[in-house]
Amino acid sequence: MNFTRRDTLKSLSLGAGSFLLTPFLRQVELQAAGNALAIPNRFVFVVKSSGIVPDGITPEAFKGKDSSSSLFNRDLTNVLLPSSMQALEPFKDQLSIVQGLSGKMCRGGHSSWFGMMGVYMTGGEFDAGAVIRATADAELAKLNPAPFNHVGLAIKGKALSKAYGGTMYPGITAVGPGQELPFQGSPDIAYEQLFGSAVSASKRGEKRFRLQKNLFDFMVDDIKKIKKAIPSSEQGKMDAYLNSFEELQVRHSKLSSMKDQIAANAPGYTDKFTSTVEEVRQEAQFDLASASLIAGLTNVVTIRLDNVDMTYKRLGIDKHNHGIGHNEGSKTQDEYRNIIRTHHSELLAKMAKKLRAVPEGDGNMLDNTMIVFLSDSSDRHHGSGMEWPYVIIGGGGGKLKLPGRYLRYPKYGEKGCRTIGDWWTTLLNAYGNPIKYYGNEDLVLKQNGSSHAGPLEELMV
Amino acid sequence: MIKKIHTSVLFVVTVLTISSLFSPNLFSDETDKKSRLLSKLADKKRFDETILPFLNEFCAGCHSETKQEADVVFSGISFDLASGEDMELWKNVLKQLHLEEMPPAESKQPEQYQKDAVMLWINSELKKSGNASDLYTKLESPGFGNYVNHEKLFSGEIRAEPFSLARLWRTSPRVFDNVKSSYGKGSKHFRQPFLLEDKIGIKDYANLLFADSAVVSVLMSNAASAADELIKDSAIASSSGSPSDAKLDSAISQHFRKVVYREPRKDELNNYSILFRKTAEEGGNAEAMRLVLMAVMLHHESVYRVEIGLGDSDSFGRRILSGTEMAFAIAYALTDRRPDATLLQAAATGKLNNSKDARYQVTRMLQDDRIEKPRILRFFQEFFGYAEAHKVFKDEDRSGGFAYYGENYPAMYEKDADFFVMNILEKDKDVFRQLLTSDEYYILNRATFRNTVYDFYKKNKRQLDKGQLPESKEKELLQRLNLKGWHELNKKYNLHNFNKGFNGSVAAIKKIVDEQYSWMNTKDENVLLHRMQALYKKYPMVYDLKDEEQDFLLPQPYKRPHRAGMLTHPAWLIAHSLNDSTDPIRRGKWVREHLLGGVIPDIPITVDASIPENHNKTLRERLFKTEQQECWRCHKKMNPLGYAFEMYDDFGRYRTAEKLTKGGTKPVNANGELTGTGEKNVDGDVKNALELIHKLAQSDKVRQNMIRHVFRYFMGRNEMLTDSKTLIAADQAYLENGGSFNALLISILSSDSFLYRKTLEPTTRHAP
C-alpha cells in the first residue's frame with residue numbers, strides 16, 4: 001500500500017461517511033507498532049424471548065420492598081438468589097441484577113426487535129422493521145475489535161419464525177444503519193467459520209480456509225491491473241475496493257498466525273454440534289462463544305437464545321414459549337418459567353466458570369467480561385416496556401459499579417425513573433464511547449420533565 | 001489538537017504495519033522518501049509575502065486579538081501546517097474563501113487572484129502535511145450544488161461544450177435486487193451490499209459511493225452462498241480429472257455473461273483459468289470451481305458501472321459514450337433494470353450513437369407505460385423528502401390517535417403523496433407549479449380500493465351477477481381507480497397481499513364483494529360502503545377532516561382548504577418536523593436550498609443549538625434566540641420562510657392557535673418574508689405558507705432551481721458551469737412544452753452533459 005493511496009482513501013472517507021479502515025485492521029496496526037491495547041473488554045449478550053419477568057429474578061429478601069420513588073440499591077452477595085438461579089450462587093460476587101429501567105420508546109408485544117439494544121420503535125408482528133443505527137452491542141464491538149469483530153450465534157431466528165439453522169437474521173442486532181448482523185444458526189457451520197482456520201470438523205473447512213487466500217490474492221492482482229485503465233480521477237473508488245480485499249488478506253494471515261492459539265482453545269468436536277435437540281444446540285453455541293473469547297477470535301458475542309416458537313422439550317416442557325406466554329399447557333406459566341430459568345442459569349454459570357478458569361492479568365478472564373442476560377420483549381410475553389430487567393455476570397474490567405449489586409430503579413413516570421437508553425449510554429460511556437445519550441428519548445418522560453437522558457451516575461466508576 | 005496528533009500517529013503506524021505485512025514492491029522507494037521529507041518544509045517565504053498581508057488586509061479587522069469575532073483570531077497563526085498547528089483554522093479559511101462566505105459582503109472584497117493565491121498555498125501546505133481538506137469531497141455532494149452560480153449558469157454567456165467526467169458509479173441497491181436472481185439458487189440468501197445513506201435528499205450520487213470493506217464483506221458472503229449452490233450443478237466441479245481449456249472457458253463464460261452481462265475478454269478468461277488450475281491442484285475441482293465462480297461474481301463491473309466514454313472523441317476533447325454505455329446509462333436513469341432488448345439491439349446495431357438516438361430511446365421508454373420507471377417518482381420522493389415521514393416518530397397520545405401498530409399512518413400519508421405526484425405527472429402539464437400549488441389531495445387506505453370495487457359492484461349488480469362486464473364498464477372502473485390498466489394497480493395502491501392479483505375480472509370483483517360481506521358481517525349498505533376499520537378512523541385528521549366526514553371512496557381527489565401542494569401535504573410536513581414539534585428552521589432551510597438555490601453554511605461548532613424551554617411561549621417565540629445579531633446572519637435565510645408553515649401543527653393539521661406545552665393556547669403567527677428570487681413581484685412579506693407558496697410558484701428562479709435538482713438526480717452529480725447549455729436547453733424544453741416533465745427529461749437525457757465524457761486529472765477538478 002503506498003502512501004498516496006492511504007492519503008486519498010482518508011480524504012475520501014471524510015465525505016463518503018464510510019469507514020474504509022475496519023476497526024480490526026486499525027488494531028492490528030496498533031499492535032504491530034508496539035501499542036498493543038491492554039486487556040480487551042469482552043461482552044456476551046444473551047437474548048431470550050418471551051420476556052424476563054422481574055419477580056422471577058428478584059431475591060426473596062428484596063421482594064415487596066417499596067422502590068416506587070427512589071433507587072433501591074443493595075448488596076447482593078449476602079442474600080440468597082431465587083432457587084431457579086441457584087447455579088449462579090458461586091458467581092454472586094460478580095453478579096448483578098438491574099431492574100426498573102423502562103423502554104417505552106421501543107415496540108411492545110412479542111419482540112422489540114432492534115429496539116431492545118437500539119432504543120427506538122421499529123417493526124411489526126413478523127417484520128423487524130427499519131435499521132436506523134448500530135445497536136449498542138455492535139457499538140461495543142467496534143470499541144473492542146478482533147479478527148471476528150462481532151459474532152452472532154442463534155438457536156432461532158425472528159420472534160415467531162420457524163426457520164432453523166444456517167445464516168439467520170433475527171432482527172435484534174445491527175452493525176450500522178440498514179446493516180443487520182448475520183447470526184449463525186448451525187453450530188457445526190459456526191464451528192467451521194470460527195475455528196476452521198486452525199482445526200476443522202471436516203477436511204473441507206480447513207482446505208477452504210487455506211484456498212481462500214487464492215481468491216484474495218487473485219482479486220488484489222486483478223483490481224490492480226484494472227486500475228491502470230481507470231481515469232486517475234476515479235482511482236479512489238477502485239482503491240476502496242482494492243483496500244477491502246487487502247484487509248481480507250491481512251485477516252487471513254492474522255488467523256493463520258494464530259493457528260496454535262486457536263487450535264488449543266477450540267472446543268472438541270462432538271455430535272453436540274450437529275444435534276437437532278434445541279437445548280443441546282444452546283449448549284453448543286455457548287461452548288463456541290466461550291471458546292472464541294478465550295482463543296482471542298472475538299471480544300463480543302450476541303447469542304439469540306430462543307424464540308417464541310421454540311419448545312424446551314428436553315426440559316420436559318410440552319408447550320412452545322408462545323403457548324406458555326398465553327397460559328396454555330398443564331403447568332402454570334410461573335412453573336414453566338422456573339424450569340426454563342433454571343436451565344438458562346446453568347448455561348450462564350457454565351460459561352462464567354470457563355472464563356473464570358482462564359488467568360488474565362492479575363485475575364481471570366471473567367473479571368474482564370460482561371455477560372448480559374436480557375429479553376427482547378422486556379418484562380413479559382407481550383412486553384410492556386414498563387421495565388427491562390438485566391442479569392449481568394462478570395467483572396466487566398472494573399469499569400462499572402455493578403458486580404455484587406442489586407438495583408431497582410423507581411417506577412416509570414416517578415421522579416428519578418430511568419430508561420434503557422440511559423443504561424446503554426452508561427455501558428458505552430464506561431467502555432470508551434463518550435456519547436451524551438444513546439438512542440431515542442422517551443418523549444412522554446421528556447415532556448413531564450423526568451427524562452435524564454444520560455449515563456446512570458450511580459454505576460459510573 | 002489532541003485528536004489531530006492522534007490521527008497523524010495512526011497514519012504513520014498504518015504505513016509501518018502495512019509495510020511489514022505486504023510485499024515490499026508496494027512501497028515507495030528511497031527517492032520518494034527523500035522528496036517527501038524535502039517537500040515537508042513549509043513555504044514560509046510565500047506566507048510572509050502573500051498570505052500574511054492578505055490576512056491583515058481582509059480579515060484582521062474582525063479577527064484580531066482586540067476584536068475576536070466568532071472566536072477566530074489570526075494574529076500569530078502558525079505558517080507551519082506540517083506541524084499540525086492551526087490546521088483546523090486553515091481548513092476553515094480555505095472553505096470560507098472558496099464558498100465566498102468571507103469576507104462578508106459588506107466588507108472590502110479581495111480580487112479573485114488574491115484569493116486563489118491563498119487557497120493554493122493552503123492546499124499545497126495541507127498536502128505536505130499528509131492532510132487534505134474535506135471541502136472538495138463535500139463540494140461534490142448534492143447539498144453543495146447550489147454553490148455553482150445560478151445567474152451565470154442561466155445567463156447564456158457560457159459557451160463551453162458540456163460533458164461529465166469519465167466515471168465509475170456504484171451499483172444501485174435496486175438494480176442489485178433486480179439482477180440477483182441471475183446468480184442462481186443461492187441468491188435467496190443474499191443480503192444487500194449497496195446500502196445508501198439514510199438521509200433526506202438525493203441519495204445515489206456517483207462520486208460519493210464506494211465499494212468499501214462493508215460492501216465487500218456482504219459481497220463475499222453473497223458470492224459464497226451463490227457458489228455453494230452453483231457447484232452442485234457444475235459438471236467440472238463433480239469431475240475429478242483436469243477439464244479441457246475449452247470446457248473450462250465455456251463454463252466460466254456462461255457464468256460471466258449472467259453476472260457481468262457481457263462476453264469475457266481473452267485475458268480475463270485466461271486469468272480465471274490460472275486461478276482454477278492453481279486451486280484445483282491444491283484442493284480439487286469443486287473448490288477451484290467455487291473460487292472461480294466467486295471471483296467472477298466479485299468482478300468490478302458488477303460493483304461499479306463504468307462510464308468512461310468509449311465512443312468517438314471530438315474536437316473539444318470529449319468522447320461520446322459507446323452504444324452499450326449509452327444503453328446502460330439510459331436504462332439506469334429511468335429504471336432499476338438492465339437495458340431492455342430494444343436498447344441493447346440499438347446499441348449492437350449502431351443505432352445508439354448520438355443525441356438523436358438517445359432522444360428516440362428515452363421518448364420511447366417514457367411513452368411505453370408498460371415499462372416501469374420507478375426512478376422518476378423516486379426523484380420527487382428524494383427531492384421533497386416526503387417519503388421520510390414514517391421515520392419521524394410521533395407520540396400516539398399527543399396526536400389523538402396516530403397509529404403505528406399494524407399500519408403506520410405516516411407511511412400511508414407518503415403513499416397519498418406518491419399518488420398526488422403520479423397524477424400530476426400523468427397530466428404532464430405545468431408540473432412544477434401543480435406540485436407546488438394544487439390543493440387536490442388523494443386520501444387512500446387499503447379499504448379505499450375494496451370499498452370502491454364494492455360500490456362499483458352495487459351500481460352494476462345486474463350485469464355482474466350474470467357474469468357480464470363489457471369493456472366500457474371495465475374502463476369506467478379503471479378510470480374511477482385512476483388507472484390506465486391493471487398493471488398499474490400495485491404501483492399506485494398499497495394493497496393487502498391477497499388483493500394484489502386483482503385483474504378487474506368478474507370473479508375478482510365478486511371475491512372482493514364476498515370479502516366485504518364476510519368481514520363486516522352485515523348487509524347494511526351504509527356500513528359496507530363507508531365504514532372503515534377502527535384502525536383507519538383517525539387517518540383523515542391530518543387533512544383537517546373529522547373521523548366520519550369522508551369515506552375514501554374513489555374517484556377522488558379531495559379539494560382541501562388551507563392547502564397548497566406538496567409543501568402543505570401532511571407527509572411533507574411530518575417528514576420535515578421533529579418528534580414533538582414543528583421545525584421552522586429546517587423547513588426554511590429546505591425552501592432556501594431546494595427552491596431558492598441559496599446556500600446556508602454548517603452550524604458553527606461553538607453554537608448551542610437547543611431551543612430554550614418555556615411553557616408560556618410558542619415555538620416561534622422561543623426561537624427568538626436565533627434572531628440575535630450573530631445568529632441572524634444565517635438564520636434570516638431560513639426562519640422567515642419556515643415561520644410561514646406555523647399555520648400547521650407538527651402532524652400537519654391546519655391550526656389558528658398553538659397549544660402550549662403545559663396547557664393553554666396562543667394564536668399562531670405565520671407571517672414570513674420571501675427574499676432571494678430577485679424578482680420584484682415575488683419577493684416580499686407573506687402572511688402565511690399559502691401566500692409564500694403561490695409566490696414561489698410564479699418565480700422563474702424557483703423553476704430553474706427545481707430543474708437543477710432534476711439534473712443532479714439524473715446525472716448523479718452536481719452541475720458545473722460547463723453544464724450551462726444543458727440547463728438552459730432543459731428549461732426551454734420544459735417551458736415550450738407547457739411545463740412538461742417528460743420534455744424536460746428527454747432534453748436532459750439526450751444532452752451533451754449526459755452523453756459526453758472527459759478525463760481530467762483530480763488536481764484540476766476543483767483546485768483553484
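**Stop 1: two crossing helices in chain B**

Select residues 87-98 and 112-128 of chain B: these are helices α4(B) and α5(B), whose axes come within 10 Å and cross at roughly 145°. Keep in mind as you look around that this is a predicted model. The crossing of α4(B) and α5(B) is left-handed. To see who makes the contact, show the side chains of W90(B), V93(B), L94(B), L97(B) and H98(B) on α4(B), then K115(B), V118(B), M119(B) and I122(B) on α5(B). Colour them by class and you will find seven nonpolar residues, one polar and one charged in this contact of α4(B) with α5(B).

**Stop 2: another helix pair**

Two packed helices are described by the angle between their axes and the distance between the axes. Try that description on a second pair by selecting α16(B), residues 355-367, and α35(B), residues 741-749. The axes of α16(B) and α35(B) come within 9 Å and cross at roughly 145°. Which hand does the crossing of α16(B) and α35(B) have, left or right? The crossing of these two helices, α16(B) and α35(B), is right-handed. On the α16(B) side, the contact uses A358(B), R359(B), V362(B), T363(B) and L366(B), while α35(B) brings N742(B), L745(B), I746(B) and L749(B). Sorted by class, the contact of α16(B) with α35(B) holds six nonpolar, two polar and one charged residues.

**Stop 3: into the cores**

Stay on L749(B) and leave aside its neighbours within four places in sequence. What is L749(B) in contact with? Show I330(B), A333(B), A358(B), V362(B), F714(B) and F754(B), and you have the contacts of L749(B). Now widen the view to the largest nonpolar core, which has 158 residues. L749(B) is among the residues with the most contacts inside this core, together with V292(B), A295(B), I330(B) and L744(B). Apart from that core lies another, of 96 residues, including M105(A), I294(A), L305(A) and I392(A).

**Stop 4: strands in chain B**

Next, find an open sheet of three strands in chain B, with the order β1-β11-β4 and mixed pairing. Its edges are β1(B), residues 164-165, and β4(B), residues 319-320; each has a single partner strand, so one side of each is left without a neighbour in the sheet. Select β11(B), residues 756-758, and follow its antiparallel pairing with β4(B) over two bridges. One spot to zoom in on is Y756(B) in β11(B), the bridge partner of I320(B).

Then move to β2(B), residues 167-170, and turn on its side chains. In a regular strand the side chains alternate between the two faces of the sheet. Here R167(B) and W169(B) point one way from β2(B), whereas L168(B) and R170(B) point the other way, and all are buried. How many bridges join β2(B) to β3(B)? Look along β3(B), residues 304-307: four bridges join the two strands, β2(B) and β3(B), which run antiparallel. In β3(B), Y304(B) is the bridge partner of R170(B).

**Stop 5: an enclosed helix in chain A**

Switch to chain A and select helix α12(A), residues 420-430. Ten of its eleven residues are buried, so α12(A) is largely enclosed by the rest of the structure. Among the buried residues of α12(A) are W423(A), W424(A) and L427(A). Show α3 and α4 of chain A as well, since the buried residues of α12(A) pack against them. Just after α12(A) comes G432(A), with a positive phi near 115°.

**Stop 6: backbone surprises**

Most residues other than glycine have a negative phi, and most peptide bonds are trans. Your last selections go the other way.

- V119(A) is not a glycine, yet has a positive phi of about 55°. Look for V119(A) in the loop between α3 (115-118) and α4 (136-143) of chain A. With 27 C-beta neighbours inside 10 Å, V119(A) counts as buried.
- D428(B), also not a glycine, has a positive phi of about 55°. D428(B) sits in the loop between α19 (409-427) and α20 (431-437) of chain B. With 17 other C-beta atoms within 10 Å, D428(B) is partly exposed.
- L554(B) and P555(B) are joined by a cis peptide bond, with omega about 5°. P555(B) lies in the loop between α26 (525-530) and β6 (558-559) of chain B.
- Q556(B) and P557(B) are joined by a cis peptide bond too, with omega about 20°. You will find P557(B) in the loop between α26 and β6 of chain B.

Note on methods
Residues numbered from 1 in each chain as written. Chains lettered and ligands numbered in written order. Predicted model: local features only at pLDDT ≥ 70, side-chain atom pairs only at ≥ 80, totals over all residues. Axes fitted to C-alpha atoms, helices over the stretch in contact; angles between N-to-C directions. Left-handed = near helix turned anticlockwise from the far one by under 90°. Contact = placed C-beta atoms within 7 Å. Nonpolar A, V, L, I, M, F, W, Y, C, P; charged D, E, K, R; others polar. Pairing = 2+ DSSP bridges. Core = buried A, V, L, I, M, F, W, Y, C linked by C-beta atoms within 7 Å. Buried ≥ 20, exposed ≤ 12 C-beta atoms within 10 Å, placed from the backbone.
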